[in-house]
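Reader: I should be grateful for a close look at one part of this model, namely the way in which its helices pack against one another. Please explain how they are arranged and which residues bring them together.

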Amino acid sequence: SAEALLSAGDVDEARSVAEQASRADPSQARPVAVLATIALARAPDRSVADALERAMGFIVPRAALCEALADAHDALGDPSLALVWTQRWLALRPGDVRAARTLLGRVTEAGDGQRIGDALSWLLSQPQPLSDLASPLSAALLRLAEIDPARGTAMARRALDVLGPRSEELRETVLAVADSGDEPGLALALLERT
C-alpha cells in the first residue's frame with residue numbers, strides 16, 4: 001500500500017505506511033525501498049542518510065541512491081563518507097561526466113594526496129572522452145602537485161599522454177606542475193606535443 005500511496009502522490013502517508021511495514025517485518029525490502037524513494041525527493045539530512053544507508057543493505061545499489069547518499073553525507077559534514085559514496089556512484093556509471101566531476105571536486109577539496117592520485121589514475125584509465133573534465137582534472141592535478149610533487153608530476157605526465165595538448169587549461173596546468181616539481185622534462189614533452 002505504501003507503493004500505491006507514493007504513486008498517488010501522498011508522500012506523507014506513504015512514508016507512514018512504509019515505516020509501519022518496516023517495523024512489522026524488518027526483513028522486508030519493499031518498505032525500505034519506498035522509504036529510500038521518498039528520501040531521494042527530500043533535502044539531505046540525517047534521516048535521509050539513514051534511510052538510504054538502510055536501503056543499500058536490502059536492495060541493489062543504484063547510481064541515484066549512491067549520489068543522494070553522497071550528497072547527504074556531504075551536507076552533514078562527513079566528506080570521507082561522501083567521497084566513498086561518490087566513488088560508488090561513479091563505479092556504477094563510469095561514463096557519467098557529472099559523477100566524475102563531483103568525484104574530482106570532492107577529492108580535491110579533501111586534500112588527500114593518495115585519494116587524489118587514485119581518482120586521477122582511475123579516471124585516466126577509463127575508455128571515455130575526458131575533454132569535458134579538463135577544469136576539474138586541472139584543479140586536482142594542481143592540488144596533488146602541492147601535496148605530493150613527485151606524484152603530481154607523474155599524474156600530469158599521464159594526463160598529457162591520455163588527453164594530449166589540445167586543452168589550453170590542461171597545457172597551462174602541466175606547465176605549472178612541471179615548474180612546481182622542477183621537472184623540465186615534462187615541460188619539454190608538452191612543448192614537443194604541442
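**Helix packing**

Author: Helices α6 and α7 are roughly antiparallel to each other (an angle over 145 degrees, where under 35 is roughly parallel). The model is a predicted one, in which local features need pLDDT of at least 70, side-chain atom pairs count only at pLDDT 80 or more, and totals for chains, interfaces and linings use all residues. Residues are numbered from 1 along each chain as its sequence is written, and side-chain values use heavy atoms, with hydrogens and water left out.

Helix α6 covers residues 79-92 and helix α7 covers residues 97-110; their axes lie 9 Å apart and form an angle of about 155 degrees. Helices are DSSP runs of H or I with at least four residues, numbered from the N terminus; axes are lines fitted to C-alpha atoms over the stretch in contact, and angles run from 0 to 180 degrees between N-to-C directions. The crossing of α6 and α7 is left-handed (the near helix is turned anticlockwise from the far one by less than a right angle). From α6, the residues A82, L83, T86, Q87, W89 and L90 make the contact, and from α7 the partners are R98, A99, A100, T102, L103, R106 and V107 (contact means heavy atoms within 4.5 Å). This contact comprises eight nonpolar, three polar and two charged residues (Ala, Val, Leu, Ile, Met, Phe, Trp, Tyr, Cys and Pro are nonpolar, Asp, Glu, Lys and Arg charged, the others, Gly among them, polar).

A second pair is formed by α10, residues 149-163, and α11, residues 168-180, with axes 9 Å apart at an angle of about 150 degrees. α10 and α11 are therefore roughly antiparallel, and α10 passes α11 in a left-handed crossing. On the α10 side the contact involves G152, T153, A156, A159 and L163, while α11 contributes L170, V174 and V177. Six of the residues in this contact are nonpolar and two are polar, with no charged residue.

Helix α11 also packs against α9, residues 134-147: the two axes come within 9 Å and cross at roughly 5 degrees. α9 and α11 are therefore roughly parallel. Here A134, S135, S138, L141, L142 and A145 of α9 meet E169, L170, T173, A176, V177 and S180 of α11. By class, seven residues of the contact between α9 and α11 are nonpolar, four are polar and one is charged. L170 and V177 of α11 thus appear in the contact with α10 and in the contact with α9.

Methods: Helix = DSSP H or I, 4+ residues; strand = E, 2+ residues; numbered from the N terminus. Parallel < 35°, antiparallel > 145°, perpendicular 65-115°, else oblique.
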